[in-house]
Amino acid sequence: QVQLVESGGGLVQAGGSLRLSCAASGRTFSSYAMGWFRQAPGKEREFVAAISPSGAIIYYADSVKGRFTISRDNAKNTLYLQMNSLKPEDTAVYYCAGSKKSFLVYSRTYYATNEYDLWGQGTQVTVSS
């Protein structure tokens with residue numbers, strides 16, 4: 001069973017950058033579709049980005065497209081989210097998630113939280129104005 005641990009969150013000024021990491025334990029990370037989600041206070045958890053097991057297929061939410069980059073290093077069992085040009089509205093707890101459905105990103109439901117089997121504990125990102 002794969003377990004996920006996020007790191008890299010913090011406080012940053014608007015316009016700044018942060019890089020989140022998600023370390024996965026277990027031997028099957030490379031077969032999982034992976035995603036990043038976020039949840040702001042009082043709001044539902046929302047999709048940020050998803051990546052196929054090989055890294056060849058990537059999707060972003062419109063709100064982060066052009067500013068965020070998702071990537072993975074299967075040799076290091078690690079998922080990343082590079083966040084640039086951060087805005088106060090990006091403030092949230094960020095979660096990495098994994099799905100055993102390796103073809104998830106080829107489907108129309110890659111953005112749905114219920115498609116993901118594994119979740120990390122979350123890391124707080126706060127963007128000040």
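Start with the open sheet: select S1, S3, S8 and S7, and you have four strands in the order S1-S3-S8-S7, paired antiparallel. Color strand S1 (4-7) and strand S7 (68-73) separately, since these are the edge strands, each pairing on one side only. From one strand to the next, the twist averages 15°. Keep in mind as you click around that this is a predicted model.

Zoom in on one edge. S1 runs antiparallel to strand S3 (residues 18-24), and four bridges tie the two together. Turn on backbone hydrogen bonds here if your viewer draws them: strands of a sheet pair through backbone hydrogen bonds, either parallel or antiparallel. For a handy register marker, pick Ser7 and look across to S3, where Ser21 stands opposite.

Next stop, the charges. The structure holds five salt bridges. Select Arg38, Glu46, Arg67 and Asp90 together, and you get a network of linked salt bridges.

Take that network one pair at a time. Which residue does Glu46 bridge to, with the closest N and O atoms 2.6 Å apart? The partner is Arg38. Show the surface and the two ends look unlike each other: Arg38 has 5% relative accessibility, so this residue counts as buried, whereas Glu46, at 36%, counts as partly exposed.

Stay on Arg38 and swing over to Asp90, where the side chains meet in another salt bridge at 2.9 Å, N to O. Here the pair links distant parts of the chain: Arg38 belongs to strand S4 (residues 33-39), Asp90 to the loop between strand S8 (78-83) and S9, 52 residues apart. Both Arg38 and Asp90 are buried.

Now jump to Lys101 and Glu115, a salt bridge with its closest N and O atoms 2.5 Å apart. Both residues lie in the loop between S9 and S10, 14 residues apart. Is Glu115 buried or exposed? Its relative accessible area is 14%, which is under the 20% cut-off, so Glu115 is buried. Lys101 is partly exposed at 47%.

Last pick: Tyr111, in the loop between strand S9 (92-99) and strand S10 (118-119). Display its neighbors, leaving out residues up to four places away in sequence, and you find Phe37 and Phe47 in contact. Tyr111 still has a relative accessible area of 46%, which makes it partly exposed. Finish by drawing a C-alpha to C-alpha distance from Tyr111 to Trp36: it comes to 9.4 Å, for residues 75 apart in sequence.

Conventions: Residues are numbered from 1 along each chain as its sequence is written. This is a predicted model: local features need pLDDT of at least 70, side-chain atom pairs count only at pLDDT 80 or more; totals for chains, interfaces and linings use all residues. Side-chain values use heavy atoms; hydrogens and water are left out. Buried means under 20% relative accessible area, exposed over 50%, partly exposed in between (1.4 Å probe, protein chains only). Contact means heavy atoms within 4.5 Å. Two strands pair if DSSP finds at least two bridges between them. Axes are lines fitted to C-alpha atoms, for helices over the stretch in contact, and angles run from 0 to 180 degrees between N-to-C directions. A salt bridge is a side-chain nitrogen of Lys or Arg within 4 Å of a carboxyl oxygen of Asp or Glu.
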